[in-house]
Amino acid sequence: CKYVFLDNSFDKLFYKSNKQNFVCLNYFGGLFKNEFFKWESNGGYKRMLKEQHDMYKLYDYHLSISEICSKFIALDNCLYYPRFLNFGFPRNDIFFRDNTELRNRIKAHVDFNVKHIITYVPTHRDYENPSKTLYDKNKIKKTRTIFGDLTDTEKVLLETVLEETQTLIIAKVHPIQERACINNEVSKHIIFYGDLIKSIKTSLNPLLSISDFMITDYTTAVYDFLYTGRPIIYYFYDYTEYKDSRGFFINPIQSICAGHISYNISELVDAIRDLSNLSDPYRNKRQFIQELFIKHLDGNSTERIKDYFFPNTKK
């Protein structure tokens, strides 16, 4: 193959020949998670330079969604900035298609009338993962829910607002997090992604495309959802623990959060009720961040990539 397209820059595929070009489709890994702890705990600055040298030899191109994102990704992951192409990510073209059929199928899949669909995308916690350097068994609660360690009263509070607002939450839990300590409690208002795809074939970005709102924490999937322009709720139930372990690329993180910020179930419930009542106080900030971080808001990323690498290919 003349071109080899890869979905991330973590795979070290050193079988590359001199005649091949490796293209990283990438994902936006900056702003939220602080990656520098990896270098600090595994060799420091010299290890960081070696990583950049290896990556320079391996990857010829990296894709990104804008110039500012390219700079963040390059700095955060030890990549060579001049090799970035700001064409957008192919997966985000889904946001510019008609995805009504998927939404209707999901609504028909549950046994209640759905008015709002929320996709919840929490990331994993290094302090919960035994394979991570920052693992802390003293912080593990094996029976916690996807929303943290909730009391029975808090569970009822969340269930009540979902009932009142006719809201369905699709929980796309990180695989590492799910295996580590998530208790999949049953609720007709909450469907786990792993259970949903057994009946309806889909993936994360199509789900985001049909979601009225998004609930997230420290995951970079928020920069995919920004394409929709729809409301975002940030749920930082373990803000102190996460900050003290993994940390943030930008601190304070609240400065780049384009939506409601909640630190407990009571605040999360208020945010859900607020958005369900069509109150959107963060619209202007969300639009500003969208314009700052997304260069092409048109759904033609795949076409731009094809035209660049395969200019003579017929449409």
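Let's start with one residue: Cys-24 is buried, with a relative accessible area of 0%. Burial here means under 20% relative accessible area, so Cys-24 clearly qualifies. Keep in mind that what you are looking at is a predicted model.

What about Cys-257, is it buried or exposed? Cys-257 is buried, since its relative accessible area is 1%. Cys-257 takes part in no disulfide, and the nearest cysteine sulfur, which belongs to Cys-69, sits 15 Å away. Why does that distance rule out a bond between Cys-257 and Cys-69? A disulfide needs two cysteine sulfur atoms within 2.5 Å, and 15 Å does not meet that cut-off. In general, a disulfide is a covalent bond between the sulfur atoms of two cysteines. How many disulfides does the structure hold? The count is zero.

**The whole chain**

Now let's step back. The protein chain is built with 13 helices and 10 strands. Along its principal axes, the C-alpha trace spans about 60 × 50 × 40 Å. Does that go with a compact or an extended chain? For 315 residues, a compact globule would have a radius of gyration near 20 Å, and the protein chain has 20 Å, so the two agree.

How much of the chain is tucked away? Of the 315 residues, 54% count as buried. On the outside, the protein chain exposes about 15,300 Å², and carbon and sulfur atoms supply 50% of that area.

Contacts tell you something about how the chain folds back on itself. Take the contacts with a separation of 6 or more: residues 24 or more positions apart account for 70% of them. As for charge, the protein chain has 43 positive and 39 negative charges, and the mean positions of the two groups are 7 Å apart.

**Sequence distance and space distance**

Three pairs of residues let you compare steps along the chain with distance in space. Here they are, with distances taken from C-alpha to C-alpha.

| Pair | Apart in sequence | Apart in space |
|---|---|---|
| Thr-160 and His-189 | 29 residues | 9.9 Å |
| Phe-192 and Tyr-135 | 57 residues | 25 Å |
| Thr-100 and Lys-285 | 185 residues | 28 Å |

Where do the leading members of these pairs sit? Thr-160 lies in helix H5, which covers residues 152-164, and Thr-160 counts as partly exposed at 33% relative accessibility. Thr-100 belongs to helix H4, residues 100-109. With 41% relative accessibility, Thr-100 is partly exposed too. Phe-192 is part of a strand, S7, made of residues 190-192. Phe-192 is buried, because its relative accessible area is 7% and the cut-off for burial is under 20%.

**Backbone oddities**

A few spots in the backbone deserve a look. Which two residues does a cis peptide bond join? They are Asn-251 and Pro-252, with omega at about 10°. You'll find Pro-252 in the loop between helix H10 (239-245) and strand S10 (260-262).

Next comes Gln-166, which has a positive phi of about 55° although it is not a glycine. Gln-166 is placed in the loop between H5 and strand S6 (167-171). That is the H5 you met with Thr-160. Is Gln-166 hidden or open? At a relative accessible area of 28%, Gln-166 is partly exposed.

Leu-278 is another residue other than glycine with a positive phi, this one near 70°. Leu-278 sits in the loop between helix H11 (265-276) and helix H12 (283-293). Is Leu-278 buried or exposed? Leu-278 counts as exposed, because its relative accessibility of 73% is over the 50% cut-off.

Methods. Residues are numbered from 1 along each chain as its sequence is written. This is a predicted model: local features need pLDDT of at least 70, side-chain atom pairs count only at pLDDT 80 or more; totals for chains, interfaces and linings use all residues. Side-chain values use heavy atoms; hydrogens and water are left out. Helices (H or I, at least four residues) and strands (E, at least two) are DSSP runs, numbered from the N terminus. The radius of gyration is taken over C-alpha atoms; the globule rule is 2.2 Å times the number of residues to the power 0.38. Buried means under 20% relative accessible area, exposed over 50%, partly exposed in between (1.4 Å probe, protein chains only). Contact means heavy atoms within 4.5 Å. Accessible areas come from the Shrake-Rupley method with a 1.4 Å probe; for residues, only the protein chains shown count as cover. Lys and Arg count as positive and Asp and Glu as negative; His and the chain ends are not counted. The place of a charge is taken as NZ of Lys, CZ of Arg, CG of Asp or CD of Glu.
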